[in-house]
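Thanks, everyone. I will go through one structure, and I will keep it short.

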There are 2 protein chains.
Amino acid sequence: MTRLPLNTRITPSRKAMIDIFASTDHPLSAVQMHKLLKRLNINANITTVYRELEFLLNHTVIHKIDISGATTYYESSEGDHHHHAICTSCGNIQDVTISDEEAFLTNVRKPHDFTIKRHSVEFYGHCGTCN
Amino acid sequence: MTRLPLNTRITPSRKAMIDIFASTDHPLSAVQMHKLLKRLNINANITTVYRELEFLLNHTVIHKIDISGATTYYESSEGDHHHHAICTSCGNIQDVTISDEEAFLTNVRKPHDFTIKRHSVEFYGHCGTCN
DNA sequence: TATATAATGCAAATGAGTTGCATTAATAAT
DNA sequence: ATTATTAATGCAACTCATTTGCATTATATA
Ligand SMILES: [Mn+2]
Ligand SMILES: [Mn+2]
Ligand SMILES: [Zn+2]
Ligand SMILES: [Zn+2]
């Protein structure tokens, strides 16, 4: 929850994107966000969407969900730390938590002198409807 | 270690790529592999390299290392299961093992009805020389 | 109301990876 | 050894996500 810089201007697309991320539990791609904005009659350019995603990432309002060989998704940084399960058949993304993630991290035998800043954990497989 | 199909032809670039992966502990990108082949006087087209990587992936000779916002790397499937630490400053990739990974997996609270086929774990931060 | 500059639109560029198609070459069959 | 089959390849063109340069617009501030 870093504060946004004081020189940050509240533009319609920025406000809308922040609101959308805050009010949905579902990850979104840049293109999906672009379409959502259109539906709200906010006709931002896709470039603007990408730039705003970058901005929100930089200020930890959102974070990335990297999917192997596919488009990047983004979701709000609100809520507890968690990871994702991605269906390789339909692309469906679901939340995954690791109970006692502390223990998991202490079991990581990281390279000598490596300082871990963040980690990324994804599970790939088939969701209920694709099984 | 799935067998390669019986109709698989042993071409110079295929043999070289298999050998290279088998004899190095270092992950390689498609472009790096392409350059390595050149140095061995094997002038395969970059398309051929991509196609061969796909082939070797399909037959589990190698596997992917997905790096957030960067080029994909590949490494041999030989050796014990492990993960990676990626330096966000210099791109250096190092192996990471999780002791008692069994425990880690049993602590994963996966979505109901989701069948996990594989998982991906990466650590991002700064390596020794970039600290 | 005027000013500074953050944000935007648009077109063009980038970069990784993919695809279609004609050609070549590894292997099996004769 | 020769021929036939088809896997593998080269090349150019393409796709797709994302980025960049630059001129223009609009938000916040004075
Ligand atoms: Mn999530
Ligand atoms: Mn490795
Ligand atoms: Zn599914
Ligand atoms: Zn480094």
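**Metal site, core and symmetry**

I start at A:His84, which is buried, with a relative accessible area of 5%. This is a predicted model, so please keep that in mind throughout.

A:His84 is one of the protein donors of the manganese ion, ligand 1, and gives its NE2 atom. The other donors are A:Glu75 through OE, A:His82 through NE2 and A:Asp95 through OD, and the donors lie 2.1 to 2.3 Å from the ion. Along the chain, the spacing of these donors reads E-x6-H-x1-H-x10-D. A:His82 also counts as buried, because its relative accessibility is 17% and the cut-off is under 20%.

From A:His84 we can step to A:Phe123, since the two are in contact. On its own chain A:Phe123 also touches A:Ala85, A:Ile86 and A:Val96. Across in chain B its contacts include B:Phe104, B:Leu105, B:Val108 and B:Phe114.

Next, the largest nonpolar core, which has 20 residues. Which of them touch the most other members? They are Phe104, Val121 and Phe123, in chain A and in chain B. The elements giving two or more residues to this core are β4 (83-87), β5 (93-98) and β7 (115-126), from each of the chains A and B.

Last, the symmetry. A turn of 180° with a shift of 0.0 Å along the axis lays chain B on chain A, with an RMSD of 0.1 Å. The two copies are thus related as by a two-fold rotation axis. Within chain B, the residue closest to that axis is B:Val121, with its C-alpha at 2.3 Å. As for the interface, 100% of the chain B interface residues are interface residues in chain A too, so the copies meet through the same surface.

Note on methods:
Residues are numbered from 1 along each chain as its sequence is written. Chains are lettered from A and ligands numbered from 1 in the order in which they are written. This is a predicted model: local features need pLDDT of at least 70, side-chain atom pairs count only at pLDDT 80 or more; totals for chains, interfaces and linings use all residues. Side-chain values use heavy atoms; hydrogens and water are left out. Copies are superposed by least squares on the C-alpha atoms of residues with pLDDT of at least 70 in both. Contact means heavy atoms within 4.5 Å. A nonpolar core is a set of buried Ala, Val, Leu, Ile, Met, Phe, Trp, Tyr and Cys residues joined through side-chain atoms within 4.5 Å. Buried means under 20% relative accessible area, exposed over 50%, partly exposed in between (1.4 Å probe, protein chains only). Helices (H or I, at least four residues) and strands (E, at least two) are DSSP runs, numbered from the N terminus. Donors are N, O and S atoms within 2.8 Å of the metal (3.2 Å for Na, K and Ca); water is not among the atoms, so sites may look incomplete. Lists of a residue's contacts leave out its neighbours within four places in sequence.
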